[in-house]
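Thanks for coming. I will go through a few local features of one structure and then take comments.

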Amino acid sequence: RSLVLAVLALASSTFAQINVPGQVPINPVEPLQHRLAYAGTTGMTVSWNTYEQISEPTVYYGTNSWDLSSFATGTSVTYVTSLTWSNHVNITGLMPDTQYYYIVSNTNCYNCSELTPYTFTTARSAGDYTPYTVAVAVDLGVMGSTGLSATSKGKISANDSTTIQSLARYMDGFDFFWHPGDIGYADYWLKEQIQKYLTFVPIDKGYEVYNMLLNTFYDEMQPITAQKPYMVGPGNHEANCDNGGTTDPTTNLSYTVDICMEGQRNFTGYRNHFRMPSNESGGLESFWYSFDHGMVHFIQIDTETDLGHGQPTKHQNRSTTTTTLHCNHQNRGQDDHKQRGRRRQTRAIIVVCDRRTAVSPRRARRSHAAGMVLV
């Protein structure tokens, strides 16, 4: 596990393939959907998905692309009706605000996409006054032929850029990407079938379409999330496979969450796919958590389940982080948070990532609230 690994990662392969978003790769252990998450200022969680379980998911890393001799191992998890396995590796003992190169298990495997090492940069130390920019988007879904951006009323033109394309284009301009809810919109699969945006499949095969949309979205996001921490929060569309219910006007049949199969309820996909820094911050899974980055303490608040669990501000040092930035998917309890911010004499900024501020439901899936926050 040394220089040889880096050389292999960079080596050309006659059999190299290009993975198409949403398509099952030729080699089921090919690493896909790479994503990062801060794990304190001296840690990083590296995750990726495969179509087959890996016995010991491993990340090889170092500050030099030619020396990836450091490594960490993790776990491979899945759930009923999932088509993939999520692999999660937590790396500790890193230096703050430092760039690292990394590859994961089976990078450049036989019949896999050809990749060079990715990079990530750890969080800035609390109290670092250096200005930086954060990318924020909410209600972000699939782009292209399986997304409404190419087919719906008000669709984008060839001269327009999608949100994902814009994030990739300006990736060097922000430190991390914050996505507080409504991730991929796979739960819209039945509505899209009824509206004839997707080919019809029977209800009992809906889980295949649901997973196809999720995997397509995560594949499309990989160029960004493989190199920038992807900090997420739950939205209502992560709850189950048919959020809000669906009625087919041609048959007058109504569908509810009862059509969701095992593994497609209770935020199951979200809980398996992501690993946010709840352990480091006294939070709960990827619902409640917080982290420091320079002069700001960021807090992700869960508005989609019962309140009262987790303490996402547990480890905030207010002598070094003078600003608190909260984000949640829906506008609940904002006045209370503002009052708490005043009592603590800490500058509190409330970012409400509320789906109700978006446009009509069909366009909201592809026409997103997005922007940059200069800190």
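Threonine 81 sits in the loop between β5 (75–77) and β6 (85–91). Helices and strands here are DSSP runs, numbered from the N terminus: H or I over at least four residues for a helix, E over at least two for a strand. This is a predicted model, where local features need pLDDT of at least 70 and side-chain atom pairs count only at pLDDT 80 or more, while totals for chains, interfaces and linings use all residues. Residues are numbered from 1 along each chain as its sequence is written, and side-chain values use heavy atoms, with hydrogens and water left out.

Back to threonine 81: although not a glycine, threonine 81 has a positive phi of about 80 degrees. Most residues other than glycine have a negative phi. Threonine 81 counts as buried because its relative accessibility is 13%. Buried means under 20% relative accessible area, exposed means over 50%, and partly exposed is in between, using a 1.4 Å probe and protein chains only.

Tyrosine 185 also is not a glycine, and has a positive phi of about 60 degrees. Its place is the loop between β12 (183–184) and α3 (189–194). With a relative accessible area of 3%, tyrosine 185 is buried.

Next, the disulfides. How many does the structure hold? There are two, where a disulfide is a pair of cysteine sulfur atoms within 2.5 Å. Counting bonded cysteines along the chain, the pattern is 1-2, 3-4.

One disulfide links cysteine 109 and cysteine 112, with an S to S distance of 1.8 Å. The torsion about that S-S bond is about -65 degrees, so this disulfide is left-handed. Cysteine 109 is buried at 13% relative accessible area, and cysteine 112 is buried at 2%.

The other disulfide joins cysteine 241 to cysteine 260, S to S 2.2 Å. Its torsion is about -100 degrees, so it is left-handed. This pair links distant parts of the chain, 19 residues apart: cysteine 241 is in the loop between β13 (230–233) and β14 (246–248), and cysteine 260 is in the loop between β15 (253–255) and α5 (268–273). Both cysteine 241 and cysteine 260 are buried.

Last, glutamate 304, in the loop between β17 (296–301) and β18 (323–328). Is glutamate 304 buried or exposed? Glutamate 304 counts as buried because its relative accessibility is 19%. Its side chain and that of threonine 303 share a polar contact of 2.8 Å. A polar contact is a pair of N or O atoms within 3.5 Å; within protein, one must be able to donate a hydrogen and the other to accept it, and residues adjacent in sequence count only if both atoms are side-chain atoms. A polar atom of the glutamate 304 side chain also lies 3.4 Å from the backbone nitrogen of asparagine 236.
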